[in-house]
Amino acid sequence: WSGSDSSQLKSAIAVKADVSDPDQINNLFDQTEQEFGSKVHIVVNCAGVLDPKYPSLSETTLEDFDNTFTINTRGSFLCCKEAAKRVMRGGGGRIIMMSTSMVGGLAPGYGVYAASKAAVETMVKVLAKELKGSRITANCVAPGPVATEMFYAGKSDETVKMLAGACPMGRIGESKDITEIVGFLA
């Protein structure tokens, strides 16, 4: 709520932050609490990177490895850490992180990306147990291919068609497919 006038209901705000920077994550929560005048109820972290060169593990540079783990894993860790301290307890608190179907798919060229997201899934499972009794839920959504800039980067039309054909619905996922699941969990 914004003030005491319910006609000014705000459902969400966007705050830009580098998820790998603890000070920016802290600021993200501070700004949100200030804007709404209450504790944060729902955290959704969907920040992620993928190397569009799709290198094998032996061809992955240490710089690309570090970048992937810094954004995908460290960023999720920092969001989870702060959320566990600051999300509303007692009912309605939700922590939702993004993973990928590649954790199970294990496709060549996705080794570092899948490993970074497997770590996220593990953290969220542990966090859910650590939050026992708080009435905060912690979940991870692991989409398959979704029509985003990150998905299309470095892929030929032929590869995209092949991947679409392998999807259960016979098409590349759309952002709305993911938002519906996240909305349900929230």
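## Briefing: a three-stranded sheet, its helices and its cysteines

Cys79 is a buried residue, because its relative accessible area is 6%, which falls under the 20% cut-off. The model in which Cys79 sits is a predicted one, and the structure holds zero disulfides. Its description below begins with the open sheet, which three strands form in the order S1-S2-S3, then turns to the helices that lie across the strands, and ends with the cysteines.

**The sheet**

- The three strands of the open sheet pair in a parallel manner, and strand S1 (42-45) and strand S3 (136-141) stand at the edges.
- Each of these edge strands has a single partner strand, so one side of S1 and one side of S3 are left without a neighbour in the sheet.
- From one strand to the next, the twist averages 10 degrees.
- Strand S2, which covers residues 93-98, runs parallel to S1 and is joined to S1 by four bridges.
- Within this pairing of S1 and S2, Ile42 has Arg94 of S2 as its bridge partner.

**Helices across the strands**

- Helix H2, made of residues 62-86, lies across S1 and S2, and the direction of H2 is at about 175 degrees to that of S2.
- Helix H4, made of residues 111-130, lies across S2 and S3, and H4 runs at about 160 degrees to S3.

**How H2 and H4 pack together**

- The axes of H2 and H4 are 9 Å apart, and the two helices pack at an angle of about 15 degrees.
- Because angles under 35 degrees count as roughly parallel, H2 is described as roughly parallel to H4.
- The crossing that H2 and H4 make is right-handed.
- On the H2 side, the residues that make the contact include Phe65, Phe69, Phe77 and Cys80, while among those on the H4 side are Tyr113, Val120, Met123 and Leu127.

**The cysteines**

- With zero disulfides in the structure, Cys46 is in no disulfide, and the nearest cysteine sulfur to that of Cys46 belongs to Cys79, 9.8 Å away.
- Cys46 counts as exposed because its relative accessibility is 57%, and the cut-off for exposed is over 50%.
- For Cys79, the closest cysteine sulfur is in Cys80, at 7.2 Å, which is too far for a bond because a disulfide needs the two sulfur atoms within 2.5 Å.
- Cys46 is therefore an exposed residue at 57% relative accessibility, whereas Cys79 is buried at 6%.

Definitions and conventions
Residues are numbered from 1 along each chain as its sequence is written. This is a predicted model: local features need pLDDT of at least 70, side-chain atom pairs count only at pLDDT 80 or more; totals for chains, interfaces and linings use all residues. Side-chain values use heavy atoms; hydrogens and water are left out. Two strands pair if DSSP finds at least two bridges between them. Axes are lines fitted to C-alpha atoms, for helices over the stretch in contact, and angles run from 0 to 180 degrees between N-to-C directions. Contact means heavy atoms within 4.5 Å. Buried means under 20% relative accessible area, exposed over 50%, partly exposed in between (1.4 Å probe, protein chains only). Angles under 35 degrees count as roughly parallel, over 145 as roughly antiparallel, 65 to 115 as roughly perpendicular and the rest as oblique. A crossing is left-handed if the near helix is turned anticlockwise from the far one by less than a right angle, and right-handed if clockwise.
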